[in-house]
Amino acid sequence: MKKYWQIIKNYKVSLIIIPLLVLITVLCETAQPMFMTRIVDEGVMQGNLPVITRVGIYMVLISIVGLAVSILNVYISSYTSIGFGTDLRKFLFSKIQELSFTEIDQFSSASLVTRLTNDITKIQQVIMMGLRMMLQAHLMLILTLFFVIRINSELVQILAISIPVLAVSLYFILRSGLPYFIKVQQKLDQLNEVMRENLINIRVVKSFVREDFETRKFEKSSEELRDLVTQASNIVISAFPVLQLMMNFSILAVLWLGGRKVIGNDLQVGELISVVNYLAQVLMSLMMLFMIIMTIARASASSERILEVLNQEPSLTNTPEGLLNKYEVSRGEIVFDHVYFRYHGGEEDVLKDITFHTRPGEKIAVVGATGSAKTSMVQLIPRLYDISAEQITIDGVEIKDYNLDELHHGVEMVLQKNVLFSGTVIENIRLGKEDATMEEVIEAAKAADAHDFILALPDGYNTML
């Protein structure tokens with residue numbers, strides 16, 4: 001919760017205002033049955049039309065106040081919950097940027113996308129429902145019981161029996177459903193992974209006429225997700241009949257006991273009607289509480305996945321020497337000194353005892369079979385991965401002693417697979433140097449033999465990609 005509090009504390013004003021608005025709304029709602037009692041007992045039963053008119057006007061005015069306050073509460077709680085979701089998404093995205101390739105590989109990109117979207121949306125829904133309904137449900141339940149006790153304390157005994165029975169039933173239902181919620185999110189990860197692979201490799205799929213195979217793979221993953229969601233939903237939905245059954249029994253018990261008291265002149269008709277109305281409010285508050293608990297149960301699985309990323313310590317960080325930022329990459333002399341490397345979780349080294357010396361201005365070709373870790377070896381130079389043993393130096397300085405920002409700026413890479421980002425052509429070219437002048441951009445495009453076809457685009461270098 002400390003991670004979330006860093007964000008939610010930015011909305012302190014809303015957290016102070018919303019409970020006050022909820023209290024006013026609940027008071028307006030729970031006061032209505034008491035006015036109904038007066039209309040029936042003092043107006044209808046005694047044929048007093050002025051009382052009916054006067055109390056009816058009070059009810060309408062209070063309803064208008066409750067409606068206005070409720071609308072204001074919806075606006076503020078929506079602003080708070082959506083703002084929280086937006087801030088949490090930024091926080092999580094920034095954390096992902098800090099992770100090394102090792103952690104990215106560990107989580108998988110499809111899973112991280114799900115956490116940034118679907119999982120955060122569920123947390124956002126909990127905040128929204130908590131601000132709108134959780135306080136309202138608790139306050140309504142407390143005030144309703146207070147008014148029922150005020151009318152007739154014996155009738156509260158019925159609720160004292162039914163509410164604990166309901167609470168225990170809902171606990172066991174939600175407890176059995178929680179494992180399914182976690183599995184649903186994991187299956188959603190798998191479905192996203194299938195979609196991502198297909199969309200990225202769509203040219204390969206079509207070239208090898210594998211559309212049917214990919215469709216079957218997607219359908220299988222989608223159906224597995226459907227089955228899990230169905231199982232989880234069936235467990236959760238079973239709580240509503242239990243809730244309805246208990247409340248119906250409670251209403252029947254109140255009518256039976258209250259009816260006897262009315263016949264014995266120990267209770268007025270209007271008071272019995274009010275108690276039944278309060279029972280309806282109890283039912284509403286319990287349903288709201290159940291919806292909130294259900295949402296929290298589903299979101300708890302998402303929260304665990306989000307916190308798993310937020311609590312992940314990056315394996316690649318600046319060393320104490322690197323934090324001093326004393327060194328700059330200047331000449332580009334690279335030395336691999338008996339370097340060993342293995343991937344996170346790997347049982348064997350993919351690079352063993354690699355030793356070579358590259359002098360400034362020297363060109364070296366690294367040749368090897370597919371999968372022989374040529375790319376991995378190059379990615380060790382800017383310290384995108386950490387070596388397992390021995391050392392790599394640039395200009396005589398061990399790469400771990402460089403500040404990571406300086407090291408990444410000092411080592412330029414041309415990747416074997418190019419990716420274009422949303423934006424203009426010029427923004428993509430400036431990706432490695434934000435302050436590059438137009439002359440530098442054109443020079444780089446000419447060096448890549450791209451200048452002529454860029455000029456042929458509708459808006460040249462300002463064409464949106």
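Student: Which residue's side chain meets that of Glu 224 in a salt bridge?

Tutor: This is a predicted model: local features need pLDDT of at least 70, side-chain atom pairs count only at pLDDT 80 or more, and totals for chains, interfaces and linings use all residues. Residues are numbered from 1 along each chain as its sequence is written, and side-chain values use heavy atoms, with hydrogens and water left out. A salt bridge puts a side-chain nitrogen of Lys or Arg within 4 Å of a carboxyl oxygen of Asp or Glu. Here the N to O distance is 2.8 Å, and the partner of Glu 224 is Lys 187.

Student: How many residues apart are Glu 224 and Lys 187?

Tutor: Helices (H or I, at least four residues) and strands (E, at least two) are DSSP runs, numbered from the N terminus. Glu 224 sits in helix H8, residues 211–237, and Lys 187 in helix H6, residues 156–200. The pair links distant parts of the chain, with a separation of 37 residues.

Student: Is Lys 187 buried or exposed?

Tutor: Buried means under 20% relative accessible area, exposed over 50%, and partly exposed in between (1.4 Å probe, protein chains only). Its partner Glu 224 is partly exposed at 29%. Lys 187 has 19%, so it counts as buried.

Student: How many salt bridges does the structure hold?

Tutor: Another one joins Arg 342 to Asp 349, with the closest N and O atoms 3.0 Å apart. Its Arg 342 is partly exposed at 35%. The total for the structure is eleven.

Student: Which residue forms a salt bridge with Lys 433?

Tutor: Lys 433 is partly exposed at 39% relative accessibility. Its partner is partly exposed too, at 32%. The closest N and O atoms lie 2.9 Å apart, and that partner is Glu 440.

Student: Which residues do salt bridges with shared partners join into one network?

Tutor: Look for bridges that have a partner in common. They tie several residues together. The network is made of Glu 197, Glu 214 and Lys 217.

Student: How far apart in space are Arg 175 and Leu 155?

Tutor: Arg 175 lies in helix H6. Its relative accessibility is 53%, so it counts as exposed. In sequence, Arg 175 and Leu 155 are 20 residues apart. From C-alpha to C-alpha, the distance is 31 Å.

Student: How far apart in space are Gly 85 and Gln 124?

Tutor: Gly 85 is in helix H3, residues 49–98, and is buried, with a relative accessible area of 0%. Leaving out residues up to four places away in sequence, Gly 85 touches Ile 120 and Gln 124; contact means heavy atoms within 4.5 Å. Gly 85 and Gln 124 are 39 residues apart in sequence, yet their C-alpha atoms are separated by 5.2 Å.

Student: Which residue's side chain makes a polar contact of 2.6 Å with that of His 451?

Tutor: His 451 lies in helix H16, residues 451–455, and is buried at 14%. Beyond four places in sequence, it touches Ile 442, Ala 445, Lys 446 and Tyr 461. A polar contact is a pair of N or O atoms within 3.5 Å; within protein, one must be able to donate a hydrogen and the other to accept it, and residues adjacent in sequence count only if both atoms are side-chain atoms. The partner of His 451 is Tyr 461.

Student: Which element supplies the largest share of the lining of the second largest pocket?

Tutor: A pocket is an open set of points on a 1 Å grid, with room for a 1.4 Å probe and protein on both sides within 12 Å along at least five of seven lines; lining residues have an atom within 4 Å of a point. This pocket has 24 lining residues, and Val 378, Ile 381, Glu 412, Met 413 and Val 414 lie nearest its centre. Strand S2 (351–358) and helix H12 (374–380) each supply at least two. The largest share, four residues, comes from H12.

Student: How much space lies in the second largest pocket?

Tutor: A volume is the space filled by probe spheres set on the grid points, which are joined across faces, edges and corners. For the second largest pocket, that space is about 650 Å³.

Student: What is the phi of Arg 383?

Tutor: Most residues other than glycine have a negative phi. Asp 353, in strand S2, has a positive one of about 55°. Arg 383 lies in the loop between H12 and strand S3 (389–394) and is buried at 4%. Its phi is also positive, at about 60°.
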